[in-house]
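Biologist: Please take a close look at the side chains of this model, with attention to how they pack and pair. I should like one connected account, with the cut-offs stated.

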Amino acid sequence: MLLVATVIAALPGTPLAALQEDRPERGDRGDDTEGGAALTVGGVGIGIGDVPYLNGLRLNFRDRRLRLVNGINATMWTPHEPARGVVRGLALGVPVTGARRVEGVGLGLGGVGADDALTGVFLGGLGAGAGGDMTGVFLGGLGVGGGGSVKGAALGGLGVGTGGGATGILVGGLGVGTGGPVSGIMVGGLGVGAGDAIEGIAIGGLGVAAGGTVRGLTIAGLGIGAGDGLTGVSIAGLGIGSGGEAKWVNIAGIGVGASSIKGVTLTGVGVGAERIAGVTVAPFYLRVTPGGEMRGVSVSAFNRINGTQHGLAIGLLNIADELDGLQVGLINIARNKPSRRVLPLFNYYRAP
């Protein structure tokens with residue numbers, strides 16, 4: 001009884017009078033002990049069976065009539081569908097437990113779940129999940145999943161997934177995926193993916209991908225992809241691609257491609273974009289698409305500027321449709337020069 005009283009007293013804003021919250025009117029709810037038996041003293045006690053309302057310790061096999069428990073609710077199986085009731089305190093499952101909403105601490109050898117929301121700290125041997133939003137700390141032996149958003153910290157042995165967005169720390173043994181935007185720290189053994197934007201630190205064993213923008217530090221064993229822009233420090237074993245602008249620092253084992261690239265870009269093979277600005281090192285090939293431009297310094301065996309070059313290009317073969325700067329290499333071609341368009345060693349022209 002001391003443990004029960006301690007759990008109830010620790011609940012923020014939940015005095016004994018809170019038993020009245022979420023209750024229907026007396027004429028609609030029937031007897032508080034319907035479906036079970038309760039022994040209480042001073043409003044606190046023990047309930048055995050499907051007691052709808054209780055302040056204290058409630059023991060039941062499987063909930064059907066649960067409405068509100070302030071204290072400890074211990075069950076052996078998931079509630080009948082649809083799940084009903086609210087647990088404020090400790091939801092204990094041997095092996096699993098759940099409710100419409102749980103606020104406090106949830107422990108299940110098999111799992112912990114809620115049809116609506118989970119708020120607090122939850123540990124499920126197999127998993128922890130909710131049909132709606134999840135706020136707090138969540139640990140699932142296999143996984144953690146929510147139909148809404150996740151805010152806080154979530155660790156899933158296989159994965160973490162949400163239908164909405166997520167904010168906080170998300171770690172999945174295989175992967176992390178969200179249907180909406182995600183911000184914070186994300187680590188997926190295979191990958192990290194979001195239907196919208198990613199912001200913060202994202203690390204994927206194979207890849208990191210977002211339907212929107214990616215901002216922050218991004219590391220992937222194979223590739224990084226962003227449907228919109230890519231901003232920050234991006235490091236990929238093979239390649240980096242962005243449907244928008246890729247800026248700051250981009251490092252890839254093979255190549256980087258985007259509509260525009262700004263900052264420092266280092267690759268093992270090549271770089272391609274409509275506009276490139278900054279310092280770019282691509283050992284084999286750099287290409288600016290027709291009508292584009294390069295500003296800054298480019299170092300590559302073959303610099304092909306199908307547009308305007310503003311700055312310095314260093315390579316074996318340098319070709320610029322419009323040169324406004326310096327080419328250094330074995331063969332240098334500036335197609336806009338009035339004369340001596342092809343020169344060895346270097347070529348210089350200042351556009352009028």
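Modeller: The account below goes from the nonpolar core to the surface patch, and then to the charged and aromatic pairs and two single residues.

The model is predicted, and local features need a pLDDT of at least 70, side-chain atom pairs count only at pLDDT 80 or more, and totals for chains, interfaces and linings use all residues. Residues are numbered from 1 along each chain as its sequence is written, and side-chain values use heavy atoms, with hydrogens and water left out.

In soluble globular proteins, nonpolar side chains tend to be buried together. A nonpolar core is defined here as a set of buried Ala, Val, Leu, Ile, Met, Phe, Trp, Tyr and Cys residues joined through side-chain atoms within 4.5 Å. Buried means under 20% relative accessible area, exposed means over 50%, and partly exposed covers what lies in between (1.4 Å probe, protein chains only). Strands are DSSP runs of E with at least two residues, and helices are runs of H or I with at least four, both numbered from the N terminus. The largest nonpolar core comprises 53 residues, and Leu118, Leu170, Ile198 and Ile276 have the most contacts inside it. Strand 24 (residues 270-314) contributes the most to this core, giving nine residues. For Ile276, contact (heavy atoms within 4.5 Å) is made with Ile261, Val271, Leu286, Arg287, Val288, Glu293, Met294 and Arg295, once neighbours within four places in sequence are set aside.

Nonpolar side chains also form a patch on the surface, with an area of about 1000 Å². Accessible areas come from the Shrake-Rupley method with a 1.4 Å probe, and for residues only the protein chains shown count as cover. Patch residues have over 30% relative accessible area and no salt bridge; nonpolar side chains (Val, Leu, Ile, Met, Phe, Trp, Tyr) are joined within 5 Å, and like charges within 9 Å. Among the members of this patch are Leu126, Leu222, Ile254, Val269, Phe284 and Tyr285. Leu222 sits in the loop between strand 19 (214-220) and strand 20 (223-226), and Leu222 is partly exposed at 38% relative accessible area.

Charged pairs come next. A salt bridge requires a side-chain nitrogen of Lys or Arg within 4 Å of a carboxyl oxygen of Asp or Glu, and 13 salt bridges are counted by this rule. In one of them, Asp50 pairs with Arg58, with 2.7 Å between the closest N and O atoms. Both partners are buried: Asp50 has a relative accessible area of 6%, and Arg58 one of 0%.

Asp116 bridges to Arg100 with a closest N and O separation of 3.9 Å. Asp116 lies in strand 7 (residues 111-124) and Arg100 in strand 6 (residues 96-108), so this pair ties together parts 16 residues apart in sequence. Asp116 is partly exposed at 32%, as is Arg100 at 29%.

A further salt bridge joins the side chains of Arg304 and Asp321, at 3.4 Å from N to O. This pair links distant parts of the chain, 17 residues apart, with Arg304 in strand 24 and Asp321 in strand 25 (residues 317-334). Arg304 is buried at 13%, whereas Asp321 is partly exposed at 24%. Shared partners, in turn, connect Asp50, Arg58, Asp63 and Arg65 into one salt-bridge network.

For the aromatic side chains, rings of Phe, Tyr and Trp (its six-membered ring) pair if their centres lie within 6.5 Å; planes under 30 degrees apart count as stacked, over 60 as edge-to-face and the rest as tilted. The structure holds two such pairs. Phe122 and Phe138 are stacked, with 5.5 Å centre to centre and 5 degrees between the planes. Phe122 is in strand 7 and Phe138 in strand 9 (residues 134-140), 16 residues apart. Phe122 is buried at 1%, and Phe138 is buried at 0%. The other pair, Tyr285 with Phe302, is tilted, at 5.4 Å centre to centre and 40 degrees between the planes. Tyr285 is partly exposed at 32%, and Phe302 is partly exposed at 24%.

Two single residues complete the account. Asn250, in strand 22 (residues 239-252), is buried at 0% relative accessibility. Beyond four places in sequence, the contacts of Asn250 include Leu230, Ile240, Ile261 and Leu266. Gly325, in strand 25, is buried at 7%. Gly325 and Tyr348 are 23 residues apart in sequence and 5.8 Å apart in space, C-alpha to C-alpha. Residues up to four places away aside, Gly325 touches Gln309, Gly311, Asn347, Tyr348 and Tyr349.
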